[in-house]
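Here is a short exchange about how two chains meet, with each term set against its definition. Please look at the sequence and the structure first.

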Amino acid sequence: MDAVTYPNESVIEFIQKYMIPLRVAFDAQPLSTDFNLKWTPTLITLDADGKEHQRTVGFLPPEELIPSLMLGIAKSYFDREKFSEALSMLEKLLKDYPKSDSAPEAVYLRGVCRYKSTHDPKPLKGAYEQLQVNYPLSEWTKRAYPYRLL
Amino acid sequence: MGKTIIWETKMDVAIARAKAENKHVLLDFFNPG
């Protein structure tokens with residue numbers, strides 16, 4: 001991460017704009033125990049109350065780290081039912097990083113956000129249809145499979 | 001924009017900044033080697 005990802009200009013700009021970066025050693029207590037740390041690098045997205053909303057384990061290149069952080073931020077908003085903010089971040093993710101590993105989950109979560117904010121089930125079916133076309137081998141396409149019947 | 005990431009090292013400082021700046025926290029557990 002230090003050699004490739006963190007020096008990347010786009011990564012630096014994204015983190016400066018959206019996040020407070022906090023770095024601690026894997027054995028730092030009490031955080032290591034509090035977060036059940038088992039391996040490094042482990043990257044966790046927290047809200048401003050310190051609540052965890054996403055974690056990844058292992059190296060991520062710049063073109064995967066940024067959408068992963070976008071997804072973590074979107075999940076934070078989703079978990080707190082701030083659907084408009086979640087949708088804004090998901091749209092940005094899908095516009096800027098449509099080929100990233102985070103994109104299929106973003107399509108799924110976008111459908112759920114739209115459903116939960118409107119109570120209209122059509123976005124769920126739409127999410128499945130988009131996943132089937134654009135990410136047919138993704139686990140998120142499988143998870144959305146029941147929505148084809150809506 | 002700066003050229004490097006300026007990391008916080010204390011959780012309470014990071015949380016206080018996140019609240020003040022309306023941002024999320026990226027917590028990176030790393031192996032200093």
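Q: Which residue of S1(B) is the bridge partner of Leu46(A)?
A: The bridge partner of Leu46(A) in S1(B) is Val25(B). This is a predicted model, in which local features need pLDDT of at least 70, side-chain atom pairs count only at pLDDT 80 or more, and totals for chains, interfaces and linings use all residues. Residues are numbered from 1 along each chain as its sequence is written, while chains are lettered from A and ligands numbered from 1 in the order in which they are written.

Q: Why are strand S2 (residues 42-46) of chain A and S1(B) called paired?
A: Strands (E, at least two residues) are DSSP runs, numbered from the N terminus, as are helices (H or I, at least four). Two strands pair if DSSP finds at least two bridges between them; S2(A) and S1(B) have five bridges, in the antiparallel sense, and therefore count as paired.

Q: What makes S1(A) a partner of S1(B) as well?
A: Seven bridges join strand S1 (residues 19-25) of chain A to S1(B), and the two run parallel; one of the partnerships links Val24(A) with Phe29(B).

Q: Why is the pairing in the sheet called mixed?
A: Strands of a sheet pair through backbone hydrogen bonds, either parallel or antiparallel. In the open sheet, ordered S1(A)-S1(B)-S2(A)-S3(A), S1(B) runs parallel to S1(A) and pairs in the antiparallel sense with S2(A).

Q: How many residues of each chain take part in the contact?
A: With two residues in contact if their C-beta atoms, placed from the backbone, lie within 7 Å, chain B gives 25 residues and chain A gives 29 residues.
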